[in-house]
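Got the viewer open? Let's take a walk through this model, one selection after another.

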Amino acid sequence: MSISISRIYKDTTQQALGALAAILEKARDHAAKNGPAESDMLEQRLIEDMHPMIWQVQMISEFAVRGGARLTGKQTEDMIDMPFAEDSFDDLIARVQKCLAMVGDYDDAVLDGAAETEITMPIGPDQELTMPGTNYLLSFYLPNLFFHVTTAYDLLRMQGVEIGKRDFLNFRG
């Protein structure tokens with residue numbers, strides 16, 4: 001049995017972003033009931049040189065959409081622009097939901113054809129990284145997806161939001 005790029009990309013991204021949307025809802029409700037202020041929660045950092053919680057969500061939702069675009073052959077300059085304009089949990093939830101829909105819209109056959117496609121992406125000022133689609137998905141995309149979703153989860157958990165492993169895994173029931 002083989003597993004396809006489309007299943008790895010879509011299923012994993014939809015599970016992770018679905019979980020992220022759900023924990024953001026819990027965080028919004030926590031802030032409304034218990035505090036701290038929503039704006040303070042959104043600006044929380046693990047350490048000063050890391051980006052705040054709001055950026056983690058904005059970045060990974062954009063990254064998820066751009067990851068699919070890269071796997072379908074789009075170049076950076078042809079990708080959708082997703083400004084980081086949100087300033088509330090409701091805005092972030094809407095952004096993640098929009099990105100979830102976009103991830104689901106990518107054509108499975110095109111994604112599945114990306115295994116050997118060379119993907120080039122910027123990784124910093126005047127730096128690029130090129131790798132085959134399978135390597136991009138498994139060695140770059142997925143680790144980044146989990147890193148930023150985990151960071152958002154950790155930032156909310158440390159602020160008292162009652163979330164656990166089931167929330168992170170998006171297992172409800």
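Start with the largest pocket, which holds about 190 Å³ of space. Keep in mind as you look around that this is a predicted model.

**Stop 1: the pocket walls**

Select Met 59, Glu 62, Phe 63, Arg 66, Arg 70, Thr 76, Met 121, Pro 122, Phe 140, Asn 144 and His 148, and you have the lining of that pocket on screen. Now colour the elements: helix 3 (53-71), strand 1 (118-124) and helix 6 each give two or more residues to the lining. Which element supplies the largest share? That would be helix 3, with five residues. Try colouring by residue type too, and you'll get five nonpolar, three polar and three charged residues around the pocket.

**Stop 2: a group of rings**

Keep Phe 63 and Phe 140 selected, since both belong to the pocket lining and both also sit in an aromatic cluster. To see the whole cluster, add Tyr 9, Tyr 106, Tyr 136 and Tyr 141. The structure holds seven aromatic pairs in total.

Zoom in on one of them, Tyr 9 with Tyr 141. Their ring centres are 5.5 Å apart and their planes meet at 55 degrees, so this pair counts as tilted. Edge-to-face would take an angle over 60 degrees, and stacked one under 30. Follow the chain from one ring to the other and you'll travel 132 residues, from helix 1 (residues 5-34) to helix 6 (residues 133-157). Are these two rings buried or exposed? Tyr 9 is buried, at 0% relative accessible area, and Tyr 141 is buried at 0% as well.

**Stop 3: the threonine next to Tyr 141**

Stay with Tyr 141 and select Thr 13, in helix 1. The side chains of Thr 13 and Tyr 141 make a polar contact of 2.7 Å. Thr 13 has 0% relative accessibility, so it counts as buried. Show what surrounds Thr 13, skipping neighbours within four places in sequence, and you should find Ile 8, Gly 18, Ala 64, Leu 100, Val 103, Tyr 141 and Leu 145 in contact with it.

**Stop 4: Glu 86 and its partners**

Next, jump to Glu 86, in the loop between helix 3 and helix 4 (89-105). Buried or exposed? Glu 86 is buried: its relative accessibility is 16%, and the cut-off for buried is under 20%. Two side-chain polar contacts are worth drawing here: one of 3.0 Å to Gln 58, and one of 3.1 Å to Arg 95. Beyond residues up to four places away in sequence, Glu 86 touches Ile 54, Gln 58, Asp 91, Leu 92 and Arg 95.

While you're in this part of the chain, pick Asp 90, which lies in helix 4. Asp 90 is partly exposed, with 44% relative accessibility. Draw a line from its C-alpha atom to that of Arg 28: the two are separated by 7.5 Å, though 62 residues apart along the chain.

**Stop 5: along strand 1**

Go back to strand 1 and select Ile 123. This residue is partly exposed, at 40% relative accessible area. Leaving out neighbours within four places in sequence, Ile 123 is in contact with Glu 128, Leu 129 and Phe 140. You've already met Phe 140 in the pocket lining and in the aromatic cluster.

**Stop 6: backbone oddities**

Finish with a look at the backbone. Most residues other than glycine have a negative phi, and most peptide bonds are trans. Here are some that go the other way.

- Asp 126, in the loop between strand 1 and strand 2 (127-132), has a positive phi of about 55 degrees without being a glycine. Asp 126 is also exposed, with a relative accessible area of 86%.
- Asn 170, in the segment after helix 7 (165-169), is a non-glycine residue with a positive phi too, near 65 degrees. Asn 170 counts as partly exposed, at 23% relative accessibility.
- Gly 35 and Pro 36 are joined by a cis peptide bond, with omega near 0 degrees. You'll find Pro 36 in the loop between helix 1 and helix 2 (38-42).

Definitions and conventions
Residues are numbered from 1 along each chain as its sequence is written. This is a predicted model: local features need pLDDT of at least 70, side-chain atom pairs count only at pLDDT 80 or more; totals for chains, interfaces and linings use all residues. Side-chain values use heavy atoms; hydrogens and water are left out. Rings of Phe, Tyr and Trp (its six-membered ring) pair if their centres lie within 6.5 Å; planes under 30 degrees apart count as stacked, over 60 as edge-to-face and the rest as tilted. Helices (H or I, at least four residues) and strands (E, at least two) are DSSP runs, numbered from the N terminus. Buried means under 20% relative accessible area, exposed over 50%, partly exposed in between (1.4 Å probe, protein chains only). A polar contact is a pair of N or O atoms within 3.5 Å; within protein, one must be able to donate a hydrogen and the other to accept it, and residues adjacent in sequence count only if both atoms are side-chain atoms. Contact means heavy atoms within 4.5 Å. On a 1 Å grid over the protein atoms alone, a cavity is a set of points where a 1.4 Å probe fits but cannot get out, and a pocket is an open set with protein on both sides within 12 Å along at least five of seven lines; lining residues have an atom within 4 Å of a point. Grid points are joined across faces, edges and corners, and a volume is the space filled by probe spheres set on the points. Ala, Val, Leu, Ile, Met, Phe, Trp, Tyr, Cys and Pro count as nonpolar, Asp, Glu, Lys and Arg as charged, and the others, Gly among them, as polar.
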